[in-house]
Amino acid sequence: MPKGLIVIDMQNDFCPGGPLAVEGGDRIVAGINTIMQDASAVVLTQDWHPAGHSSFASSHEGKAPFDMIGMPYGPQVLWPDHCVQGTRGAEFHPDLATDHADMIVRKGFNPAVDSYSAFYENDHETPTGLHGYLRSRGITELVMVGLATDFCVNYSAVDAARLGYPVTVLRDLCRGIDLDGSFELALKDMRDAGVTLA
């Protein structure tokens, strides 16, 4: 089956030195570059927030990073400002082989809605267009890698499984945040959705 590789959010702000750094996030770049060469299609996702995004703690008086608030679409973690459009932090890690990418999906650009999944914004209704692209390319199976295991990788993998794709997440080419037990919960969510954790 034609396999698509979805590389999730390998951006400077999620790597060491960034405001939302995932420990060891930079160490998976070389391995991702290697497996890109075997994929029928390579899609990169990119967090792409406007300044003052509603998911930033700085946009809510009296709130701190990692506080939870209610949004019209459900609970929302408040994050440090990150991946602001046009900044170095929003750029892909400099060692990532972006020339292999067939498509870049930018997400989180709606200032009122956060977006973890490569397929839908966090309202679980607004599509990114990725599903249509994969269908047009005849991609029937997906492999996912990147950052972070317990948020954007998890949401993307679960949505892909719900859309009918066989999905494999390569755990050694992902890294997680583990916010209050979110890592183990994400692994359970993915298993429950039928995602293969390799």
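Does Asp9 count as buried or exposed, and at what relative accessibility? In this predicted model, Asp9 counts as buried, at 0% relative accessibility, and the side chain of this residue meets that of Lys107 in a salt bridge. The briefing below takes the salt bridges in turn and then moves to the two largest pockets, where helix 3 contributes to the lining in both cases.

**Salt bridges**

- The structure holds 4 salt bridges, and in the one between Asp9 and Lys107 the N to O distance is 2.8 Å.
- Because Asp9 lies in the loop between strand 1 and helix 1 (29–36), while Lys107 belongs to strand 5 (residues 103–107), this pair ties together parts that are 98 residues apart in sequence.
- Lys107 counts as buried at 1% relative accessibility, as does Asp9 at 0%.
- Glu141 forms a salt bridge with Lys3, and the closest N and O atoms of this pair are 3.8 Å apart.
- Distant parts of the chain are linked by that pair, with Glu141 in strand 6 (residues 141–147) and Lys3 in strand 1 (residues 3–8), 138 residues apart.
- Glu141 is buried, with a relative accessible area of 14%, whereas Lys3 counts as partly exposed at 39%.
- Lys188 pairs with Asp192 in a further salt bridge, where the closest N and O atoms are 2.7 Å apart; the two residues are separated by about one helical turn because they stand 4 residues apart in helix 4.
- Within this helical pair, Lys188 is partly exposed, with a relative accessible area of 47%, and Asp192 counts as exposed at 55%.
- Asp9, Asp47 and Lys107 are joined into one network by salt bridges that share partners.

**Largest pocket**

- The largest pocket holds about 340 Å³ of space, and of the 18 residues that line it, Asp150, Asn154, Tyr155, Leu185 and Asp189 are the closest to its centre.
- Helix 3 (149–162) and helix 4 (182–193) are the elements that give two or more residues to this lining, and helix 3 gives the most, with 7 residues.
- By class, the lining of the largest pocket divides into 9 nonpolar, 4 polar and 5 charged residues.

**Second largest pocket**

- About 200 Å³ of space lies in the second largest pocket, whose lining residues include Met68, Tyr73, Tyr116, Asn122, His124, Phe151 and Tyr155.
- Strand 4 (74–77) and helix 3 each supply at least two residues of this lining, with the largest share, 4 residues, coming from strand 4.
- The lining of the second largest pocket has 7 nonpolar and 4 polar residues, and no charged residues.

Notes
Residues numbered from 1 in each chain as written. Predicted model: local features only at pLDDT ≥ 70, side-chain atom pairs only at ≥ 80, totals over all residues. Heavy atoms only, no water. 1 Å grid on protein atoms, 1.4 Å probe; cavity = no way out; pocket = protein on both sides within 12 Å on 5 of 7 lines; lining within 4 Å. Points joined across faces, edges and corners; volume = space filled by probe spheres on them. Nonpolar A, V, L, I, M, F, W, Y, C, P; charged D, E, K, R; others polar. Buried < 20%, exposed > 50% of the residue type's maximum accessible area, 1.4 Å probe, protein only.
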